[in-house]
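Hi,

Here is the structure I said I would pass on. Have a look at it first, and then read my notes underneath.

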Amino acid sequence: MPKFAYIRPGSIEETILLLGMPEFENKILAGGTDLLLDLRNHTSSETSLRLIDISRIPELHYIQLQEDQVSIGATATFTEIIQSPILQETFPILIQACKKIGGPQIRNMATVGGNIANAAACADSLPVLACLHARLHLQSSQGNRNMPIEQFILGKNKTICQKNEILTSISLPLLPQGAKGVFIKLGRRNAQTTSRLTVAVVGRLSNNGRVDTVRIVPGSVTDKILFYPEAEALLLNHPPTPERLRQCSLKVIESMIHNNSKRWSTDYKAPVLAKLTERALSQVFLSNIS
Amino acid sequence: MNIAFKLNGKKTSVTIPEDITLLTMLREHLNLTGTKQGCEIGECGACSVLLDGKLVNSCLVLAPQVEGREVVTIEGIRGLDGGPNDLQQNFIDHGAIQCGYCTPGMILASEALLSAHLKPSRSEIREALSGNLCRCTGYQQIVDAVEATAKSRNLQSEGQKNNG
């Protein structure tokens, strides 16, 4: 590992002050499960490396039910998310996805903010958070700003977050009454595995049995988070017949290939993603198990 | 830098470079070599320890992060007589140890599970051990050992209730 300095601020304000010091190459340490791996590949530069440990800042560490949303502090760990009665009640799909991340050790350390800020293409929480219309809250010496998660992530390991800025929380608007979410992950094994492909689907039927909400977000497919409005349009205001769900899944991969162009992995990913999407859609719209 | 923390129940203070992992501090600065160095990328679980009661990979925790907290390593797990505790004895009895390299991590992962779940199912045991790799046993014997320990601890605690 390279040489580095370590500092543990007690507040967001102090963190922002530290981030603003140009004599250091500052890196934010939350759970460390990605950062420590990156450090081992770190090439030394002229500015000295400093890790700013935000994992013990109380104002970043909470899960709160507010009027019409749930707010999650950036340093909430995946274990804390899985065990949160608030999130179990409001967003079972998020629990489902977080349970699939790493093994127990990783989930005890890794934070949701870190998963987002590191912006790996295969990050398991991203498709679900996007599907839940997550908004991210950032703070810097210039003030606060917030944005939908898909605008925060610019590409593989690239985000809109500036050097002197910190991701403080994630807010999730409550789902419409009766909406259901499903997350499916495909890895090389069941436990402790990197996703090959994932898909998150949230949907709801209106009283007359037609689809009135549907959001489909695949993961590990593109470097950025993309929605699939053309595919969703095939379902909206229609009864969710198996044939329609299949058509919708095929539209997802058509759009994926259009967005991504063909890659070496497309021959595998396209049919598999179509099947996963179809399966997730069926679980949302056709199964009675809630 | 100097850091103070609780290690296996004892207050400990040690002077270390700030840029080392908890694993390095335990093995090279405190001479506690029971915690094993494996993959060093958080996949094998050989370096597992308990940090404030939670199972973590000590290769992914920085030493200064444990300031003021409580760490339990394999050296802190033993029977009242200083020998193996019931879980460790069950590992021996069930053939859950072959080369032994994964064992300290397996024991800590098992203790973390048993402290939270009194009656884990076999699939819950497998889930709890999913961050720990073993290349010898095929896992079956390890799951057996943990299951046997859970059963005997339950019998004991029920026995105590009935007597009390």
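Below is what I found, going through the sheets and helices of chain A and then over to chain B.

One thing up front: this is a predicted model, so please read everything with that in mind.

Let's begin at the start of chain A. Three strands make an open sheet there, in the order β1-β3-β2, and they pair in parallel. The edges are taken by β1 (5-7) and β2 (24-29) of chain A; each has a single partner strand, so one side of each is left without a neighbour in the sheet. From one strand to the next the twist averages 25 degrees. Between β2(A) and β3 (residues 48-53) of chain A there are six bridges, with the two strands running parallel. If you want a pair to look for, F24(A) has S48(A) in β3(A) as its bridge partner. Helix α1 (residues 12-19) of chain A packs on this sheet and touches β1, β2 and β3 of chain A. The direction of α1 makes about 170 degrees with that of β3(A).

Further along chain A comes another open sheet of three strands, this one antiparallel, in the order β11-β12-β13. Here β11 (180-187) and β13 of chain A are the edge strands, each pairing on one side only. The twist averages 10 degrees from one strand to the next. Strand β12 (residues 195-205) of chain A is joined to β13(A) by eight bridges, in the antiparallel sense; one to check is G203(A), whose bridge partner in β13(A) is V214(A). Lying across β11, β12 and β13 of chain A is α12(A), which runs at about 30 degrees to β12(A).

That brings us to the helix pair. Which residues of α11(A) are buried? They are L245(A), C248(A), S249(A), K251(A), V252(A), I253(A) and M256(A), so you will find a lysine on that list. Their cover includes β13 (211-219), α10 (229-235) and α12 (266-285) of chain A. As for its geometry, α11 (residues 242-260) of chain A has 19 residues and reaches 27 Å from its first C-alpha to its last, close to the 27 Å expected. Right after α11(A) comes S261(A), with a positive phi near 60 degrees.

α11(A) and α12(A) pack at an angle of about 140 degrees, their axes 8 Å apart, and the crossing is right-handed. Among the residues that meet are L245(A), V252(A) and I253(A) from α11(A), and A270(A), L273(A) and L281(A) from α12(A). By class, this contact has twelve nonpolar, four polar and two charged residues.

Now for chain B. Strands β1 (residues 2-7) and β2(B) pair antiparallel over six bridges, and F5(B) has T12(B) in β2(B) as its bridge partner. Their hairpin has two residues between the strands, and N8(B) takes a positive phi near 50 degrees. Strand β2 (residues 10-15) of chain B is hardly covered: of its six residues, the count of buried ones is zero.

Finally, the contact between the chains: 20 residues come from chain B and 19 residues from chain A. On the side of chain B that touches chain A, strand β4 (residues 54-57) of chain B gives the most, with four residues. That side divides into nine nonpolar, seven polar and four charged residues.

Cheers

Key:
Residues are numbered from 1 along each chain as its sequence is written. Chains are lettered from A and ligands numbered from 1 in the order in which they are written. This is a predicted model: local features need pLDDT of at least 70, side-chain atom pairs count only at pLDDT 80 or more; totals for chains, interfaces and linings use all residues. The expected span of a helix is 1.5 Å times one less than its number of residues. A residue is buried if 20 or more other C-beta atoms lie within 10 Å of its own, exposed if 12 or fewer, and partly exposed in between; C-beta atoms are placed from the backbone. Two residues are in contact if their C-beta atoms, placed from the backbone, lie within 7 Å. Two strands pair if DSSP finds at least two bridges between them. Axes are lines fitted to C-alpha atoms, for helices over the stretch in contact, and angles run from 0 to 180 degrees between N-to-C directions. Ala, Val, Leu, Ile, Met, Phe, Trp, Tyr, Cys and Pro count as nonpolar, Asp, Glu, Lys and Arg as charged, and the others, Gly among them, as polar. A crossing is left-handed if the near helix is turned anticlockwise from the far one by less than a right angle, and right-handed if clockwise.
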